Amino acid sequence: MLEGMLAAQPQEGAALFVDMNSFFASVEQQEHPELRGRPVGVCPFINDNTCIIAASIEAKRFGVKTGTPIPEARQLCPDIILLGDNPANYRDYHRRIMEALNDTRCRVHPKSIDEAFLVVPRDLRGDAVSLAHDIKARVWSIGSQLSCSIGIAPNQFLAKMGSNFKKPNGLTIIRTEELEHFYSQLRLTDLHGVASRMAQRLHELDIYTPVDFFQAPYAKLARAFGANGQAWYLRLRGYEVDQRPTIRRTIGHETTIVPAPARSLDQVLSTASQLVSKAATRLRGASFGARGIAVHLRYTDRTHWEGHHRGKLAFTDTASFYAHVRRILERAPLDKPVRLVGVTAFDLVPNAALPGTLFDLSSRDDRISQAVDLIESRFGRRSILPARQLLAPIMKDRVGFGNSHHVTMDIPD
């Protein structure tokens, strides 16, 4: 396999990666002209116990970035304007940006709400820089406050690295003959996919820099990492090894409970019920059933607990999902206040593989769940609720990052 891939040279300009700059904050500045040119921080809620999820370009100049705690952000930038997020707006701008990218003749793969990978057609690869400038103009036409950084490279990995290299509004072209020079400007953990644990394993191989990694012999990487070592050897040289179909493995949601943590099973269940409703709707929308359920708790002292259920038969209905979650939570230690709850469906099965259940109870529950989906699609989320959610604090919509789907609970006054 390796010899076959090495026989074909990487295709210069084959990959283009678009990364929107300060996306949530830029959308807020687009929608609210009075915020333009001012430092803005978008938060899941305005509370000193949370952090910035998007900082405007102006705020970043003061050192505020994603993950900065609110008290620290105020210290770094006393004039910062803090805003709660607006997921509906962000999704709308995402849709419009993806439509613009799809008009370029490239094959577009959205990677998250603010990133996309584009496979450049062969006849455009020789002029990929013009294509990148065209994309920047298309983004600007959607909103004058919007900008993007773009990487152009032989493969997705390097294009992603290039999009991070110059911000904001950058354009970086990475060519195979310049790879060693490019890597010489980076730290090991700057490489996409190399976190601290991977870096430690590389240190054990006397690999301390991206150049060391690039120059490492194939046999050394293969011995240490097996097939993944081969993938890294090729990836670092510009060969495309990451364009694989994404296989969905889990569907879930989690929420931080604010301002007061949950202290009883009923309080935890009221939160979990809303998470279940959202996750079960997405499970059916993706045409999957689930054999497994995981429930995750994080306490106020930052310790964790997790419980699981796994059965032979897959389910799709909300009632079964909730029943499994309730049984798991009844086993959970609740001697400490709970700050975060998460529910995840795993061991997913395509609907076509589910056994027929014409006369059993689950078939009735499936029909009820599908009817609820139809009502909510027409009249909006929470237009129909199970009784257990009627008095529960409403969980506000949140945008997930990448393949995660995080939500945060807002407690009404």
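What follows is a chat between a colleague and a modeller about reading a few local features of this structure.

Colleague: Before we dig in, what kind of model is this?

Modeller: This is a predicted model, where local features need pLDDT of at least 70, side-chain atom pairs count only at pLDDT 80 or more, and totals for chains, interfaces and linings use all residues. Residues are numbered from 1 along each chain as its sequence is written, and side-chain values use heavy atoms, with hydrogens and water left out.

Colleague: Let's start with salt bridges. How many turn up in the whole structure?

Modeller: A salt bridge here means a side-chain nitrogen of Lys or Arg within 4 Å of a carboxyl oxygen of Asp or Glu. By that rule, the whole structure has 15. Take Arg74 and Asp48, whose closest N and O atoms are 2.7 Å apart. Arg74 sits in helix α4 (residues 70-76) and Asp48 in the loop between β2 (40-43) and β3 (54-55), so this pair ties together parts 26 residues apart in sequence.

Colleague: How do you decide what a helix or a strand is?

Modeller: They're DSSP runs numbered from the N terminus: helices are H or I with at least four residues, strands are E with at least two.

Colleague: Where do Asp92 and Arg96 lie?

Modeller: Both are in helix α5, four residues apart, which is about one turn of the helix. They form a salt bridge too, with 3.3 Å between the closest N and O atoms. Asp92 and Arg96 also belong to a salt-bridge network with Arg95 and Glu99.

Colleague: And are Asp92 and Arg96 buried or exposed?

Modeller: In between. Buried is under 20% relative accessible area, exposed is over 50%, and partly exposed is what lies between (1.4 Å probe, protein chains only). Asp92 has 27%, so it's partly exposed, and Arg96 at 28% counts as partly exposed too.

Colleague: What about the backbone? Which residue other than glycine has a positive phi?

Modeller: Arg105 is one of them, with phi near 80 degrees. Arg105 is in the loop between α5 (87-102) and β5 (107-112), and at 53% relative accessibility it counts as exposed. Asp347 isn't a glycine either, yet its phi is positive, about 50 degrees. Asp347 is in strand β12 (residues 338-350) and is partly exposed at 21%.

Colleague: Last one: which residues does a cis peptide bond join?

Modeller: Lys167 and Pro168, with omega about -5 degrees. You'll find Pro168 in the loop between α7 (156-165) and β8 (171-173).
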